[in-house]
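Student: I would like to take a close look at one part of this protein, namely its charged side chains and the places where they sit. Could you go through them slowly with me?

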Amino acid sequence: MAVPFTARAARMLGLPGLSEETSFAVRDKREMRRRLEQAGLNTPAYVGLSGPEDWKFAADLVFPVVVKPAGGFTSLGVTRVDSAEDLETTVRSVWEVCERYLGYGGSSAQFEGLVVEEYLDGDEYCIESLSYQGQVKIHTIGYKGRPEGPYFEEKVYRAPAPLSPEVEWSIIEQITGAHAALGVTDGPTHSELRLRGDEAYLLEMGARVGASGASHHIVESVTGADFTGDTFRIAMGQEPLGWNDPVWHRGTGAMYFVPVGGSGRITKIAGLSEAAADPRVDRIVQLLHPGDRILPYPEYSGYPGFVFSRHDSYEDAEQFHDALDESVVIHYE
């Protein structure tokens, strides 16, 4: 939510950064979709809604569809709808979530509205990039699983992802094209996309160090680059370290999202202390604790926590995450 403010601050201080126009384009998914489509990039069919009563304008899309806040973040309110009969109820439910957590209907609400877009059923990937004076450098492409909804709780992030040449080229083409279409010329981007066959479709591009700091952890683990440090260098008008050097992959970085697994008042989160003792784990960030209450989706309670780790191979990271699926469990009253 600080992206537009940061763009204004950079302009006032005479420092490099996003234009204010671009800062709004990367925060409003309706404008983002419009610009990507206008640039000829892969875009699922979509409809922008200004209010819950506009749900009928999206009824002719091919179902299933995904309803999401135009200015949302994380997976707040993002909901899959499988039939036109359920569209109105879901749109109104998501709008109510936005009223509670994003201030929709209030004087301070930004980017008030929803996007309804056709559901993409392929694998999901996350891309960490830097841009400097209009040039784009992709540091990592990571695997995010294949979440099917209805609420798209994030679970894993592993990089570098194993990719076919066709998929890798499509991802690179869409990411570099999106930077140009949105006007992102300087700074970090944290992008998510999904596949339809071998073709990549951008879900969203955030002009920031993303995923609760995972962008830095993933890039540093995989390439050794100082991603956050380079973000500050660009903001001060300095060239990122090794900007003209090729990107070399030297390891695997991983992030595990502690799954909610239910709702209610937390009594215990099992398995995190054991995970912390694993030498592959860099750190554990625990955001929810015993006594905290998790509301049922589509309400938003935040993530319980993250496990950041690094590995010698992608296969080891995958096995580590499979083991955490068994050992890390939230217990409720």
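Student: To begin with, is Arg-280 buried, partly exposed or exposed?

Tutor: Please keep in mind that this is a predicted model. Arg-280 is partly exposed, because its relative accessible area is 26%, and the limits are under 20% for buried and over 50% for exposed. The side chain of Arg-280 meets that of Asp-278 in a salt bridge, with 2.8 Å from N to O, and here the partner falls on the other side of the lower limit, since Asp-278 has 18% relative accessibility and so counts as buried. Elsewhere, salt bridges that share partners join Glu-21, Glu-31, Arg-34 and Arg-35 into one network.

These belong to a wider set, for the structure holds 25 salt bridges. One of them is formed by Lys-144 and Glu-154, whose closest N and O atoms are 2.6 Å apart; both residues lie in the loop between β6 (135-143) and β7 (156-159), ten residues apart. Lys-144 is buried, with a relative accessible area of 7%, and Glu-154 is buried as well, with 14%.

Another pair is Glu-220 and Arg-310, whose side chains meet in a salt bridge of 2.9 Å, N to O. Because Glu-220 lies in helix α6 and Arg-310 in strand β14 (residues 305-311), this pair ties together parts that are 90 residues apart in sequence. Glu-220 is partly exposed at 22%, and Arg-310 is also partly exposed, at 31%. The helix that carries Glu-220 is largely enclosed by the rest of the structure, because eight of the ten residues of α6 (residues 214-223) are buried; among them are Ala-214, His-217, Ile-218 and Val-222. After α6 comes Gly-224, which has a positive phi, near 85°.

Lys-144 also leads us to another charged residue, since it is among the residues that Glu-124 touches, along with others including Tyr-143, Glu-192 and Arg-194. Glu-124 is found in strand β5 (residues 124-132), and it counts as buried because its relative accessibility is 8%.

Finally, there is a group of acidic residues at the surface: Glu-166, Glu-173, Asp-198 and Glu-199 form a negative patch there. Within this group, Asp-198 is placed in the loop between β8 (187-196) and β9 (199-206), and with a relative accessible area of 44% it is partly exposed.

Terms used. Residues are numbered from 1 along each chain as its sequence is written. This is a predicted model: local features need pLDDT of at least 70, side-chain atom pairs count only at pLDDT 80 or more; totals for chains, interfaces and linings use all residues. Side-chain values use heavy atoms; hydrogens and water are left out. Patches are made of residues with over 30% relative accessible area and no salt bridge: like charges are joined within 9 Å, nonpolar side chains (Val, Leu, Ile, Met, Phe, Trp, Tyr) within 5 Å. Accessible areas come from the Shrake-Rupley method with a 1.4 Å probe; for residues, only the protein chains shown count as cover. A salt bridge is a side-chain nitrogen of Lys or Arg within 4 Å of a carboxyl oxygen of Asp or Glu. Lys and Arg count as positive and Asp and Glu as negative; His and the chain ends are not counted. The place of a charge is taken as NZ of Lys, CZ of Arg, CG of Asp or CD of Glu. Helices (H or I, at least four residues) and strands (E, at least two) are DSSP runs, numbered from the N terminus. Buried means under 20% relative accessible area, exposed over 50%, partly exposed in between (1.4 Å probe, protein chains only). Contact means heavy atoms within 4.5 Å. Lists of a residue's contacts leave out its neighbours within four places in sequence.
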